[in-house]
Amino acid sequence: MPPRLRARGPKNTTKAVQPASDSEDSSETATQRKGKRKRSTVSSKSKGKVATSDVKDSPGKASYCHWLMKSEPESRFENGIDVKFGIEDLKGLPDQTGCWDGVRNYQARNFMRDMKVGQQAFFYHSNCKEPGIAGLMTIVKEAYVDHTQFDKKDVHYDASSKPDNPKWSMVDVQYVRMLKRFVPLAELKKLHQEQRATGGPLKDMALFTRARLSVQPLTAEEFNFVLSLEDQDPL
């Protein structure tokens, strides 16, 4: 979705953004979407590492190490505010770092609360002419209170959330790199459909099984398979 710049002081410049709402792969409402980014307090660049396996936190609960996070790279206005925010916008921020705020879906929020510093995420371009995976970013600050829920001028203001009991969280992310080639949704969807029938890493990918979510978990197998597509010719 579309962007907006708002100064919040010399150490806290924010950029409003909105989360995914692809017609192909998402049916999120405006209140479920993600919004603004701001400069993180993290100054050093963390590239993160690709884990080779996922681990278990407790019986029956998977502890994911990789993620897919959606945002809109093309202008779209909400309440007069352009909430566009693509990977180039993240790359252009100080330290190439911003906060992933404005998420208003409980499951997506909970996934962000599970994120750990150093984990990697795909930056997914959503609600645009060609949705798909554009690049990589690293989690550089774990979940903390999303300030936009208390800002009456913000498109993600939530009157039901109170400072002494905030509902919504955000994480800070840092640009790592663009993929060697853009991996479009259409290609991922074709692979998912094939692998549902024959078996394969993408047969249960959340992009298709939990498409409403703007923040999605990936298994190590899914992450590494998708990353390998950048070195292959498009389907």
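Cys-99, at 0% relative accessibility, counts as buried (under 20% relative accessible area, with a 1.4 Å probe and protein chains only), and Cys-128, at 12%, counts as buried as well. The structure holds zero disulfides, a disulfide being a pair of cysteine sulfur atoms within 2.5 Å. The model is predicted, so that local features need pLDDT of at least 70 and side-chain atom pairs count only at pLDDT 80 or more, whereas totals for chains, interfaces and linings use all residues. Residues are numbered from 1 along each chain as its sequence is written, and side-chain values use heavy atoms, with hydrogens and water left out.

The largest nonpolar core (buried Ala, Val, Leu, Ile, Met, Phe, Trp, Tyr and Cys residues joined through side-chain atoms within 4.5 Å) has 22 residues, and Met-69, Trp-100 and Val-215 have the most contacts inside it. At least two residues of this core come from each of E6, helix H1 (87-91), helix H2 (106-114), E10, E11 and E12, where helices (H or I, at least four residues) and strands (E, at least two) are DSSP runs numbered from the N terminus. A second, separate core of 19 residues includes Tyr-124, Leu-218, Val-226 and Leu-227.

In helix H5 (residues 220-228), the residues Ala-220, Glu-222, Phe-223, Val-226 and Leu-227 are buried. Seen down the axis of H5, these buried residues fall within an arc of 165° and therefore line one face of the helix, the arc being that of the directions from the helix axis to the C-beta atoms. Their cover includes strand E13 (215-218) and helix H3 (185-198).

Terms used. Buried means under 20% relative accessible area, exposed over 50%, partly exposed in between (1.4 Å probe, protein chains only). Contact means heavy atoms within 4.5 Å.
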